[in-house]
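Here's a quick briefing to read with the structure open. Have a look around first, then come back for the notes.

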There are 2 protein chains.
Amino acid sequence: MKEAKSSNKRQKLVRAQGVTLWHQIQSVLEKELYDGVYSAGEKLPTEKQLAERFFVNRHTVRQAIAELVRKELIVVEQGRGAFARRDKLDYFLARRVRFRENLLRQQKSPAEELLTHDTVPADLVAAKALCLRPTTLLVRMRSVGSADKHPLCYTTQYFPKERFPDFAEVYAENHSVTATFQAFGIADYTRKSTRIMARGAEAEEVRLLKLRRHAPVMVVESVNVDHDGTPVEYGVCVWAADRIQFVVDADSHDASI
Amino acid sequence: MKEAKSSNKRQKLVRAQGVTLWHQIQSVLEKELYDGVYSAGEKLPTEKQLAERFFVNRHTVRQAIAELVRKELIVVEQGRGAFARRDKLDYFLARRVRFRENLLRQQKSPAEELLTHDTVPADLVAAKALCLRPTTLLVRMRSVGSADKHPLCYTTQYFPKERFPDFAEVYAENHSVTATFQAFGIADYTRKSTRIMARGAEAEEVRLLKLRRHAPVMVVESVNVDHDGTPVEYGVCVWAADRIQFVVDADSHDASI
DNA sequence: GATAATTTGTTCGTATGTATC
DNA sequence: TGATACATACGAACAAATTAT
């Protein structure tokens with residue numbers, strides 16, 4: 001279908017035949033986006049160029065563009081232009097949530113880099129999530145998860161120190177939470193609760209995730225429990241919103257029970 | 001615990017006793033936030049004021065503030081100040097997702113206002129979601145959902161026209177999707193898939209949802225199916241990110257199967 | 001609408017204490 | 001003991017965003 005932007009040549013539209021001009025333009029561009037004429041993240045022609053192509057006023061083009069934005073097919077940035085929507089990674093939230101599995105399923109190469117780790121007394125929020133008394137000691141790890149070398153998320157995880165005294169050290173060797181839990185005799189763990197929210201990125205997140213300033217991030221707060229239902233991990237993960245979407249799928253959920 | 005900000009009086013910290021100054025400040029403020037000294041959305045003292053209160057440099061206060069931001073306990077806006085985090089409504093994503101039920105469970109008064117409705121040919125995305133051929137006619141509705149008169153979300157919903165010819169008219173009377181489906185003989189419908197993403201708000205969303213410019217919004221794309229598994233609704237809902245968080249809970253999920 | 005004041009954000013520099021080799 | 005690296009703490013100046021006048 002990719003025909004080297006031959007579609008950029010000028011083309012007349014049908015006027016006053018029951019379908020508005022902006023809607024015709026919108027349909028043409030939608031088809032081109034769907035056919036991959038503009039690949040993910042690629043810049044579309046400027047409004048002026050599109051106006052010339054379709055022999056219409058710039059405002060008519062703008063209406064078509066506004067509709068494409070509403071349909072989430074493109075994003076527009078003031079002073080930069082309009083861009084084909086980047087394909088977002090599907091991150092499945094099911095009973096079992098595994099970073100590596102999730103990425104491998106999308107043919108992406110996962111990587112987890114441990115930034116820092118220390119031992120801290122549980123604050124009020126973490127204590128509640130893990131069903132422990134405040135000031136109980138926790139192992140805290142901060143790490144960045146990537147797909148194909150592109151940073152995806154910035155995670156802060158807490159593990160009960162008493163049960164997992166050297167969690168961070170074991171994790172540092174195999175770079176996998178699942179494998180580390182297995183080293184501690186936990187063959188399986190499941191997601192007890194997941195909270196998803198969104199906000200603007202902080203300076204540190206901008207740096208670590210290579211974002212534009214104030215870019216939206218999604219924050220996922222989660223608790224994982226072991227076979228007995230005892231909390232083993234509380235995590236807060238900050239995701240680059242332009243690279244990920246979360247999927248809660250009825251089928252995939254059933255399949256993973 | 002609320003003691004009229006008497007805690008705003010100056011207080012000396014312990015220096016050079018193994019605990020850093022910024023961590024002591026962070027702990028004091030965390031406790032105050034937890035005790036409700038600053039209620040939801042309330043402005044905290046300025047950095048200058050906090051620096052005077054604790055007899056430290058502004059940078060030292062900033063470190064404490066950065067930590068509170070990381071813990072999602074406050075939000076900071078340049079030029080405006082730091083604010084205690086607003087309580088977010090929990091919106092549960094389970095097998096059955098019902099706007100009214102979700103809000104009533106949180107003691108909030110739900111309202112759905114229909115803005116516009118029309119009939120449109122299915123675009124490529126909607127057709128795929130509803131398992132129909134493109135250009136199949138769909139009823140499209142746009143509406144704003146509110147909690148206690150505060151706008152929460154801006155929804156665009158599509159229903160197969162053939163099966164639900166006057167969906168919008170029926171909906172206009174009872175202001176409830178569930179009740180409208182019942183009028184069409186669908187006693188029950190379930191969520192087949194849910195996709196959650198985030199981006200900055202568009203101009204129209206800023207107006208309808210009373211947001212600040214470029215405020216983050218969460219976009220939820222969903223498909224609901226009837227008892228036979230046939231898609232009956234495809235919706236795209238834009239949520240004010242500062243007022244909502246989505247919850248995928250293992251327990252509540254089981255309970256609603 | 002223009003201007004000033006306020007508040008947070010960023011970047012210099014300096015000094016100090018602590019941990020490590 | 002010295003050298004080094006790192007986090008903490010303070011100070012000053014300026015940039016950027018918001019609010020008040």
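Which of the 13 residues around DNA strand C come nearest? They are Glu47(B), Arg58(B), His59(B), Arg62(B) and Gly79(B). Keep in mind that this is a predicted model. The notes below start with the DNA and then turn to how the two protein copies are arranged.

**Contacts with DNA strand C**

- Within 4 Å of the protein, 64% of the atoms of DNA strand C belong to sugar or phosphate, and the rest belong to bases.
- Glu47(B) uses its backbone here: one of its polar backbone atoms is 3.0 Å from a phosphate oxygen of the strand.
- Gly79(B) also has a polar backbone atom in play, 3.3 Å from a sugar or linking oxygen of DNA strand C.
- Arg58(B) goes for a base instead, with a polar side-chain atom 2.7 Å from a base oxygen of DNA strand C.

**What the surface near the strand is made of**

- In chain B, helix H3 (58–70), strand S1 (74–77) and strand S2 (81–84) each supply at least two residues of this surface.
- H3(B) gives the largest share, three residues.
- By residue type, the surface near DNA strand C splits into three nonpolar, five polar and five charged.

**How the two copies sit together**

- A turn of 180° plus a shift of 0.1 Å along the axis lays chain A on chain B with an RMSD of 0.3 Å.
- The two copies are thus related as by a two-fold rotation axis.
- Pro216(A) is the residue of chain A that comes closest to that rotation axis, with its C-alpha at 2.8 Å.
- The copies meet through the same surface, because 100% of the interface residues of chain A are also interface residues in chain B.

Key
Residues are numbered from 1 along each chain as its sequence is written. Chains are lettered from A and ligands numbered from 1 in the order in which they are written. This is a predicted model: local features need pLDDT of at least 70, side-chain atom pairs count only at pLDDT 80 or more; totals for chains, interfaces and linings use all residues. Side-chain values use heavy atoms; hydrogens and water are left out. Copies are superposed by least squares on the C-alpha atoms of residues with pLDDT of at least 70 in both. Contact means heavy atoms within 4.5 Å. A residue is near a molecule or strand if one of its heavy atoms lies within 4 Å of it. A polar contact is a pair of N or O atoms within 3.5 Å; within protein, one must be able to donate a hydrogen and the other to accept it, and residues adjacent in sequence count only if both atoms are side-chain atoms. Helices (H or I, at least four residues) and strands (E, at least two) are DSSP runs, numbered from the N terminus. Ala, Val, Leu, Ile, Met, Phe, Trp, Tyr, Cys and Pro count as nonpolar, Asp, Glu, Lys and Arg as charged, and the others, Gly among them, as polar.
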